[in-house]
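Student: Could we go through the helix packing of this model step by step, with each answer closing on the value or name I ask for?

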Amino acid sequence: METPDESTTTAQTPATGIAAQDWATAAADPQYRAAVVDLLGALAYGELAAFERLAEDAKLAPTLADKAELAKMASAEFGHFERLRNRLAEIGEDPTGAMEPFAAALDGFHRQTAPSDWLEGLVKAYVGDSIASDFYREVAARLDSDTRGLVLGVLDDTGHASFAVEKVRAAIEAEPRVGGRLALWARRLMGEALSQAQRVVAERDALSTMLVGGVADGFDLAEVGRMFTRITEAHTKRMAALGLAA
C-alpha cells in the first residue's frame, strides 16, 4: 500500500521476452507456468489473510467510524482474493492447492507480529503489507502482460495507507512517546517481512529460479540485491510519512 505521492520501487525497463508476451504464449514454458501458479497462490492467500486480519483489527477500532472504515478495506481485500482465485481456476489450477504451500509461512508471520493495540495494527497493515506489495511489484515487471495486469490490479491500495498515516501521526502528536514504541515495532515488522519473503521464495523452486534469472527475463543475483535495496528505501520513506524514524 502506498501513499498517493509515492512512486513504485519497480525499475522501469522496456518490456522484452516474457514481459512482452501474453499468458497464452508465456505459459507454454512449464517452469514459467509453475512460477506464476506459485505467485498467484501466494498472493491469493496473502489477500485472504489480509481480509481476516482487517476484520479482526476492526474489533480494536476506537470509534464506530474507524470500525466501518476497516470493514470497507477488508471487503476490498476479499475482492482481490476472489480475482486471484478466479484466475487460478481459469487457467486450470486448483486455487486451494495453489495457496496451501504458503499458508504456514504467512500464518507464522501473522502470529509472530500480532499487534497488541489499534496503533500497532495500523502500522502493521501500512508497513508490512507495503513491503509485500513492493516485492510483488518488482516481480510483476518480469511477468507476461496478462498476469502482470492482474497482479498490479490486486496490489492497488484499499485506502489503508492514507488512513493509517493520518491516525498514527495524530496519535504521535497527541502523545509523542508513542512514536518510539511504534518505531521499534515497525523495524521488527520490516525484519520479519523480509525474512518471510525470503523463506517463501527459497522453498519454491520455480519462484526462486524466476528471481535469479533462470526463467527468461528474471532477476540476476545482483538485481536481487538492488531490489531489496529499493524495498528498504521505500520502507524508510513510509516511516517518515508516519512520523517515525527508520
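Student: At what angle do helix α5 and helix α8 pack?

Tutor: The model is a predicted one, and in it helix α5 covers residues 118–140 while helix α8 covers residues 178–203. Their axes lie 9 Å apart, and α5 passes α8 in a right-handed crossing. The angle at which the two helices pack is about 35°.

Student: How many nonpolar residues does the contact of α5 with α8 have?

Tutor: On the α5 side the contact includes V123, V127, I131 and F135, together with the charged residues E120 and K124. On the α8 side, W185, L189 and M190 are among the residues that take part. The division by class gives no polar and three charged residues, and the number of nonpolar ones is 14.

Student: Within what distance do the axes of helix α3 and helix α4 come?

Tutor: Helix α3 runs over residues 64–90 and helix α4 over residues 95–112, and their axes cross at roughly 120°. In this pair, F81, R85, L88 and A89 of α3 meet P95, A98 and M99 of α4, a contact with six nonpolar residues, no polar ones and one charged. The axes come within 8 Å.

Student: On which residue is the kink in α4 centred?

Tutor: The end C-alpha atoms of α4 are 26 Å apart, which agrees with the 26 Å that its 18 residues should span at 1.5 Å a residue. There is nevertheless a kink of about 45° in α4. The buried residues of this helix include A98, M99, F102 and A103, and the kink is centred on F102.

Key: Residues are numbered from 1 along each chain as its sequence is written. This is a predicted model: local features need pLDDT of at least 70, side-chain atom pairs count only at pLDDT 80 or more; totals for chains, interfaces and linings use all residues. Side-chain values use heavy atoms; hydrogens and water are left out. Axes are lines fitted to C-alpha atoms, for helices over the stretch in contact, and angles run from 0 to 180 degrees between N-to-C directions. Helices (H or I, at least four residues) and strands (E, at least two) are DSSP runs, numbered from the N terminus. A crossing is left-handed if the near helix is turned anticlockwise from the far one by less than a right angle, and right-handed if clockwise. Contact means heavy atoms within 4.5 Å. The expected span of a helix is 1.5 Å times one less than its number of residues. The bend at a residue is the angle between axes fitted to the seven residues ending there and the seven starting there. Buried means under 20% relative accessible area, exposed over 50%, partly exposed in between (1.4 Å probe, protein chains only).
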